[in-house]
Amino acid sequence: MNEASTARETSMGTEDRGGHRLILPEDGYEWRKYGQKFIKNIGKTRSYFKCHKENCNAKKRVEWSESEPDNIRVVYDGVHTHALSAAVSASSTGTSNANQYNLLNQVFGDQSTSTRQHRS
DNA sequence: CGCCTTTGACCCGCGC
DNA sequence: GCGCGGGTCAAAGGCG
């Protein structure tokens with residue numbers, strides 16, 4: 001099923017920066033971080049990701065609290081123009097990954113029903 | 001060598 | 001009308 005690790009799961013997924021541990025839910029698509037800012041309005045850090053594909057206008061927004069890296073909010077904008085590589089399915093093989101996958105399922109289940117699609 | 005990531009600054013829109 | 005916030009772009013550096 002999973003042939004190639006499309007995403008940089010090997011390198012990314014768990015970002016260890018200075019002493020902070022952030023668990024970014026891997027969706028199986030490739031993303032390119034094009035910005036990061038701290039939103040004081042919600043007191044959280046927001047990271048901006050864009051689909052790596054040129055024909056793909058899908059965008060991803062991730063926000064997490066500095067005190068609660070376990071509680072992350074992922075928001076998807078737009079739709080993918082290319083099929084998914086099924087890198088997430090690889091989690092089935094990794095039992096330990098199931099733990100992380102659980103969080104992913106929780107986050108996804110919150111918005112998988114309405115992938116925000118409105119722009120000013 | 002190529003590619004990706006990170007930070008800063010700038011810009012625009014909306015609210016009051 | 002002005003201010004602030006949020007969002008995006010650009011460039012540079014580092015690493016594989």
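## S47 and its strand neighbours

S47 sits across from V62 of β5. The two strands involved, β4 and β5, are antiparallel and share six bridges; strands count as paired here if DSSP finds at least two bridges between them. This is a predicted model, in which local features need pLDDT of at least 70, side-chain atom pairs count only at pLDDT 80 or more, and totals for chains, interfaces and linings use all residues. As for bookkeeping, residues are numbered from 1 along each chain as its sequence is written, chains are lettered from A and ligands numbered from 1 in the order in which they are written, and side-chain values use heavy atoms, with hydrogens and water left out.

β4 has two faces: T45, S47, F49 and C51 make up the covered one, while K44, R46, Y48 and K50 line the uncovered one. Towards β3, β4 again runs antiparallel, this time with eight bridges. One of the pairs there matches G35 with Y48 of β4. Four residues separate β3 and β4 in their hairpin, and G43 in that turn has a positive phi of about 65°.

## Where the DNA comes in

There are 11 residues around DNA strand C, and Y34, K37, I39, R46 and Y48 come nearest; "around" takes in any residue with a heavy atom within 4 Å of the strand. Of the strand C atoms that come within 4 Å of the protein, 59% belong to sugar and phosphate.

Some side chains reach phosphate oxygens of strand C, using the polar contact cut-off (N or O atoms within 3.5 Å). For R46 the distance from a polar side-chain atom is 3.1 Å, for N41 it is 3.2 Å, and an N or O atom in the R61 side chain is 3.5 Å away. β3 (31-39), β4 (44-51) and β5 (59-65) each give two or more residues to this surface.

## The chain as a whole

Chain A has one helix and six strands, in the order β-β-β-β-β-β-α from the N terminus. These are DSSP runs: helices are H or I with at least four residues, strands E with at least two, numbered from the N terminus. Of its 120 residues, 32% are buried, meaning under 20% relative accessible area (1.4 Å probe, protein chains only).

## A glycine in a loop

Where is G28 found? This glycine is in the loop between β2 (20-23) and β3. G28 counts as buried because its relative accessible area is 1%. The C-alpha atom of G28 lies 6.7 Å from that of L84, although the two are 56 residues apart along the chain.

Key:
A polar contact is a pair of N or O atoms within 3.5 Å; within protein, one must be able to donate a hydrogen and the other to accept it, and residues adjacent in sequence count only if both atoms are side-chain atoms. Buried means under 20% relative accessible area, exposed over 50%, partly exposed in between (1.4 Å probe, protein chains only).
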